Amino acid sequence: MWVNQFDYRATTKAVKQLLKQYATIRRLAINSNHPFHKQARQELECIKTTLKDFDDPYLSIIKMCYLSDYPKKDEFVASHIGYGKAQYYKMKRDALLMFAERYSNQELLKAK
């Protein structure tokens with residue numbers, strides 16, 4: 001089956017790399033004098049569009065871990081949303097994979 005051809009670790013790593021740059025992307029999108037302003041605005045819109053249809057707790061996980069001004073530790077997020085460690089990490093992986101599936105600005109799904 002073609003779904004089994006995705007490398008889930010590489011995919012989640014690619015999503016994390018993008019989302020860890022969110023604060024920089026947001027600052028560049030606001031600064032209209034910066035040469036990368038237009039690209040940053042496009043990237044920011046794409047991230048927002050990707051997250052538009054996310055439900056909790058997946059949206060909370062992404063926002064708290066990557067999009068807040070002060071990203072939270074996994075233990076805090078798991079406790080905040082009321083899940084145990086194992087279930088939280090599965091949900092976080094699922095949230096990152098859902099992001100990769102829906103993101104349209106670049107290919108985040110990685111093949112094996």
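In this predicted model, E43 touches L18, I25, Y103, N105 and Q106, when residues up to four places away in sequence are not counted. E43 is found in helix 3, and with a relative accessibility of 13% this residue counts as buried, because the cut-off for burial is under 20%. E43 is one of the buried residues of helix 3, which are H37, A40, E43, L44, C46, I47, T50 and L51. Taken as a group, the buried residues of helix 3 pack against helix 1, helix 2, helix 4 and helix 6. As for the length of this element, helix 3 has 15 residues, which at 1.5 Å a residue should span 21 Å, and its end C-alpha atoms are indeed 21 Å apart, in agreement with that expectation.

Helix 4, against which helix 3 packs through its buried residues, is itself mostly covered, since eight of its 10 residues are buried. The buried residues of helix 4 are L59, S60, I61, I62, M64, C65, Y66 and L67, and what covers them includes helix 1, helix 2, helix 3, helix 5 and helix 6. I62 shows at the level of a single residue what surrounds helix 4: leaving aside residues up to four places away in sequence, I62 touches L19, L51, F54, L67, A95 and L96.

I62 leads in turn to the largest nonpolar core, which has 32 residues and in which L19, L51, I62, F99 and L108 are those with the most contacts inside the core. Helix 1 (8-19), helix 2 (22-30), helix 3 (37-51), helix 4 (58-67), helix 5 (74-81) and helix 6 (85-102) each supply at least two residues of this core. In soluble globular proteins, nonpolar side chains tend to be buried together. Two of the residues that I62 touches, L19 and L51, are themselves among the residues with the most contacts inside the core.

F99, also among the core residues with the most contacts, brings us to the aromatic rings. A search of the whole structure finds two aromatic pairs. Y88 and Y89 form an edge-to-face pair, at 5.2 Å centre to centre and with 65° between the planes; of these two residues, Y88 counts as buried at 0% relative accessibility, whereas Y89, at 36%, counts as partly exposed. F99 and Y103 form the stacked pair, with 5.3 Å from centre to centre and 20° between the planes, and here F99 is buried and so is Y103. Y103 is also one of the residues that E43 touches, which links the stacked pair back to helix 3, where E43 is found.

Charged side chains make a further set of links, and the count comes to four salt bridges. In one of them the side chains of R26 and D69 meet, at 2.4 Å from N to O. R26 lies in helix 2 and D69 in the loop between helix 4 and helix 5, so that the pair ties together parts that are 43 residues apart in sequence. R26 is partly exposed, with a relative accessible area of 26%, whereas D69 counts as exposed at 56% relative accessibility.

Other salt bridges involve helix 6. The side chains of D94 and K90 meet in a salt bridge of 2.8 Å, N to O, and, being four residues apart in helix 6, these two residues are separated by about one helical turn. An α-helix has 3.6 residues a turn, so residues three or four places apart point the same way. D94, at 18% relative accessibility, counts as buried, while K90, at 48%, counts as partly exposed. R93 also forms a salt bridge with D94, with the closest N and O atoms 3.6 Å apart, and R93 is partly exposed at 40% relative accessibility. Salt bridges that share partners thus join K90, R93 and D94 into one network. R93 has a further partner of another kind, for this residue lies over the face of Y8, at 5.9 Å from the ring centre.

Notes. Residues are numbered from 1 along each chain as its sequence is written. This is a predicted model: local features need pLDDT of at least 70, side-chain atom pairs count only at pLDDT 80 or more; totals for chains, interfaces and linings use all residues. Side-chain values use heavy atoms; hydrogens and water are left out. A nonpolar core is a set of buried Ala, Val, Leu, Ile, Met, Phe, Trp, Tyr and Cys residues joined through side-chain atoms within 4.5 Å. Buried means under 20% relative accessible area, exposed over 50%, partly exposed in between (1.4 Å probe, protein chains only). Contact means heavy atoms within 4.5 Å. Rings of Phe, Tyr and Trp (its six-membered ring) pair if their centres lie within 6.5 Å; planes under 30 degrees apart count as stacked, over 60 as edge-to-face and the rest as tilted. A charge sits over a ring if NZ of Lys or CZ of Arg is within 6 Å of the ring centre and within 35 degrees of the ring normal. The expected span of a helix is 1.5 Å times one less than its number of residues.
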